[in-house]
Amino acid sequence: SGTCVYRTEFKGVGKNARLDLGEVKYVAEPILNGKSLGVKVMPPYKFTLDTGNIKDYNELEIRVSNTAANEYYYTKTFDKWPDWMLTPYHEKCQIFHKDSLESGLFGPIKILY
């Protein structure tokens, strides 16, 4: 579990531009020229680009964080617990965690005018 950082540079864009990150699993925070564009935890992963922050050459950083599913799914801690402590919900959680293991920025990433 944790956060991955993607970085790129691009030339200036026109007014009313939007950033579309496409598919993201699970939390995305784009940072344009050092300024956060916000945080999204579910689709659509679209952000308005502040024209006052657009320069001739721009640095875009995208931070993508996954859930705690990787930590919970692969931990051996629960193996030591008796069944009565885990409750029937534990098995359902493991199914959810397994479905949530894949994470990252899948895109396609687009700047829309």
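**Exercise 1. Starting from the contact between the side chain of Asn-58 and the backbone nitrogen of Lys-55, describe the surroundings of Asn-58.**

Solution. In this predicted model, a polar atom of the Asn-58 side chain lies 2.7 Å from the backbone nitrogen of Lys-55.

Step 1. Place the residue in its element: Asn-58 belongs to strand β7, which covers residues 57–65.

Step 2. Decide whether Asn-58 is buried or exposed. Because its relative accessibility is 1%, and buried means under 20%, Asn-58 counts as buried.

Step 3. Look for a side-chain partner: the side chains of Asn-58 and Asn-33 are joined by a polar contact of 2.8 Å.

Step 4. Widen the view to residues that lie beyond four places in sequence: Asn-58 is in contact with Thr-8, Glu-9, Phe-10, Lys-11 and Gly-12, and also with Leu-32, Asn-33 and Asn-53.

**Exercise 2. Examine the backbone of Asn-33 and Thr-87, and state where each of them is found.**

Solution. Step 1. Asn-33, the partner of Asn-58 in a side-chain polar contact, has a positive phi of about 50 degrees although it is not a glycine. Asn-33 is placed in the loop between β4 (27–32) and β5.

Step 2. Thr-87, which is likewise a residue other than glycine, has a positive phi, near 65 degrees. The loop that holds Thr-87 runs between α2 (83–86) and α3 (89–99).

Step 3. To classify the accessibility of Thr-87, note that its relative accessible area is 42%; since partly exposed covers the range between 20% and 50%, Thr-87 is partly exposed.

**Exercise 3. Work out which residues Ser-36 touches and which polar contacts its side chain makes.**

Solution. Step 1. Ser-36 lies in strand β5, and with 36% relative accessibility it counts as partly exposed.

Step 2. Not counting residues up to four places away in sequence, Ser-36 touches Glu-29, Pro-30 and Ile-31.

Step 3. With one of these, Glu-29, the contact is also polar, since the side chains of Ser-36 and Glu-29 make a polar contact at 2.8 Å. The Ser-36 side chain also reaches the backbone nitrogen of Gly-38, at 3.1 Å.

Step 4. For a relation across the sequence, take Ile-62, which is 26 residues from Ser-36 along the chain: the C-alpha atoms of the two are separated by 9.4 Å.

**Exercise 4. Locate the cis peptide bonds that precede Pro-44 and Pro-108.**

Solution. Step 1. Pro-43 and Pro-44 are joined by a cis peptide bond with omega of about 5 degrees, and Pro-44 is found in the loop between β5 (35–36) and β6 (46–48).

Step 2. The bond from Gly-107 to Pro-108 is cis as well, with omega near 0 degrees, and Pro-108 lies in the loop between β8 (104–107) and β9 (110–112).

**Exercise 5. Compare the radius of gyration of the protein with that of a compact globule, and describe the protein as a whole.**

Solution. Step 1. Its elements are 3 helices and 9 strands, which run from the N terminus in the order β-β-β-β-β-β-β-α-α-α-β-β.

Step 2. The radius of gyration is 19 Å, whereas a compact globule of 113 residues would have one near 13 Å. Along the principal axes, the C-alpha atoms fill a box of roughly 60 × 20 × 20 Å.

Step 3. Buried residues make up 33% of the 113 residues. Among contacts between residues at least 6 apart in sequence, 76% join residues at least 24 apart.

Step 4. The accessible surface comes to about 7700 Å², and 54% of that surface belongs to carbon and sulfur atoms.

Terms used
Residues numbered from 1 in each chain as written. Predicted model: local features only at pLDDT ≥ 70, side-chain atom pairs only at ≥ 80, totals over all residues. Heavy atoms only, no water. Helix = DSSP H or I, 4+ residues; strand = E, 2+ residues; numbered from the N terminus. Buried < 20%, exposed > 50% of the residue type's maximum accessible area, 1.4 Å probe, protein only. Polar contact = N/O pair within 3.5 Å; in protein donor to acceptor, adjacent residues only side chain to side chain. Contact = heavy atoms within 4.5 Å. Rg over C-alpha atoms; globule rule 2.2 N^0.38 Å. Areas by Shrake-Rupley, 256 points an atom, 1.4 Å probe, with all protein chains shown as cover.
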